[in-house]
Amino acid sequence: MEIPHQRLIYFQLTVETGSLRRAAARLDIAASAVSRQISLLEAAVGATLLERRRDGVRPTPEGELLLDYCLQRTSLDRRFSDALDAYQRLETGQITLCVGEGFVGDLIDHPLREFTEAHRGIRLEIDTGSTRQIIESVVNDEAHIGLMYHEQVHPHLRFWHSTRQPLVLMMAPDHPLAAEEGPLTVEVIAEHPLALWHPGHGVRQLVDQAFQEANRRPIVVIHTGSLEVLKHSARSALCLTLLPRFAAARELQEGSLVARDVVGVHFAQANAHMVTRVGRRMPRAALQLLRHLQHWMRAFRHTPYDRS
C-alpha cells in the first residue's frame, strides 16, 4: 500500500492537535482540505481512522495503528537525515583497506592514529594480503583502498599515488657487510644466507629476477610469509633479508637493523602504490583518508614515480 506522505502529515497533526480546525490552522489551509485528505486516507486503508466527538477528534484503534506508523516513519526520517548529515561531515562510516604486510607499521604508527582522532565516528577495517589478494579485494569492491608493493598493471585499478621504494639489504649492525661502503652487488649477497618471502610473492619475484640475470643462486635458508620472521632473522644475524626501508622503519630508526643499497635495476625501481578500483565512487571519508595517507606515510613521501 502506497500512502502519500502529505496525507500522513495531515492525519498525524490532526491527532496531535485534537481538532481538524486546529490542524488546518497549523497548516495554514482550510479545514475542509484537511478533512478531504483524511477521507482519502481512510478510503485507502479501508477503515475509519478518527472518531468525531463534541470536544474534537481522537484516533480509532485502526487510527492508533496508523499513528504509531507515522511516529516510526518520522523517527526513521530523522535518523536518516542525522546519519546522512554526520556521514557528509565525515563523522560516521566505514573504510576498508587491504594492504601488504610491509605497510602495516607505517600505516598504524602515526597516520591512522591522527586520522581516527580527528574522525572518531569512522570505523576502519584493515586486512593484509599478497599483491594478488590486494588487487582482487579492490577490484571486487571488498576494499576501498589497497596499499601494495612492486609494479603491477591492471585495467581496473586506479593508481592514486606511487613512489620509488628500492629494495635494500637489511642486516644486524654487527654483520660484516654493515661496514661495507657503497652499494652491494648480487654477487656479494649470494655468498650469505638469506631469509626471503615465499616464491610468488612480489618482492621475492624481484629478488629471483635479479639473481637470475646475475647468473647466481641465492642461499635461502628461510622461506616465510611473515614480515616479522624476516626482520627477526636479520636482527639476530641469522640471515640477511631484502625489504623496502619503510617496512622496517622503526628498526632502522632504533638501530637494531641497518640497510645497504643494492646494485641492480630490479632492486632500484621497485615501487609502493596506493590504489582504488577504476570507476568506484569513493565515500568522502575514504577520499580524505587517501589524501591523509599520501601526506603522512613514509612509503609515499618520496618523489612520485611517473607512470607515463
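Let me start with a word I'll need: two helices count as oblique when the angle between their axes is neither under 35 degrees, nor over 145, nor from 65 to 115. Keep that in mind while we look at this structure, which is a predicted model.

Our opening pair is helix 5 and helix 12. Helix 12 covers residues 284–296, and its axis comes within 10 Å of that of helix 5, crossing at roughly 135 degrees. Helix 5 and helix 12 are therefore oblique to each other, and their crossing is right-handed. Who touches whom? On the helix 5 side we have Leu107, His110, Pro111, Leu112, Glu114 and Phe115, and they meet Ala285, Gln288, Leu289, His292, Leu293 and Trp296 of helix 12. Sorted by class, that contact has eight nonpolar, three polar and one charged residues.

Now back towards the start of the chain, to another helix pair. Helix 1 is residues 5–17 and helix 2 is residues 20–27; their axes come within 8 Å and cross at roughly 120 degrees. So helix 1 and helix 2 are oblique to each other as well, and helix 1 passes helix 2 in a right-handed crossing. Tyr10, Leu13, Thr14 and Thr17 of helix 1 meet Leu20, Arg22, Ala23, Arg26 and Leu27 of helix 2. That contact divides into five nonpolar, two polar and two charged residues.

On to the sheets. One is an open sheet of five strands, in the order 4-3-5-12-6, and its pairing is mixed. Which strands stand at the edges? They are strand 4, residues 122–128, and strand 6, residues 157–164; each has a single partner strand, so one side of each has no neighbour in the sheet. Ignoring direction, neighbouring strands here are turned by 20 degrees against each other on average.

If you'd like to zoom in, try strand 6 and strand 12, the latter being residues 271–277: they run antiparallel and are joined by seven bridges. Serine 162 stands opposite histidine 273 of strand 12.

Helix 5 comes back here. With residues 104–118, helix 5 packs on this sheet and touches strand 3, strand 4 and strand 5, and its direction makes about 175 degrees with that of strand 4. Helix 6, residues 131–139, lies across strand 3, strand 5, strand 6 and strand 12, and runs at about 160 degrees to strand 5.

The other sheet I want to show you is an open one of three strands, ordered 10-7-11, with antiparallel pairing. Its edges are strand 10, at 241–244, and strand 11, at 258–260; each has a single partner strand, so one side of each is left without a neighbour in the sheet. In this sheet, neighbouring strands are turned by 45 degrees against each other on average, again ignoring direction.

Strand 7, residues 167–171, pairs with strand 10 over four bridges, and proline 244 in strand 10 is the bridge partner of leucine 167. Helix 9, residues 227–235, packs on this sheet, touching strand 7 and strand 10, and its direction makes about 120 degrees with that of strand 10.

Last, a word on confidence. The mean pLDDT of the protein is 88, with 93% of its residues at 70 or more. Over residues 303–308, though, the pLDDT is below 50, and the model gives that stretch 15 contacts beyond near neighbours in sequence. Where pLDDT is low, please don't read the predicted coordinates in detail. Thanks, everyone!

Terms used
Residues numbered from 1 in each chain as written. Predicted model: local features only at pLDDT ≥ 70, side-chain atom pairs only at ≥ 80, totals over all residues. Heavy atoms only, no water. Axes fitted to C-alpha atoms, helices over the stretch in contact; angles between N-to-C directions. Helix = DSSP H or I, 4+ residues; strand = E, 2+ residues; numbered from the N terminus. Left-handed = near helix turned anticlockwise from the far one by under 90°. Contact = heavy atoms within 4.5 Å. Nonpolar A, V, L, I, M, F, W, Y, C, P; charged D, E, K, R; others polar. Pairing = 2+ DSSP bridges. pLDDT = per-residue confidence, 0-100.
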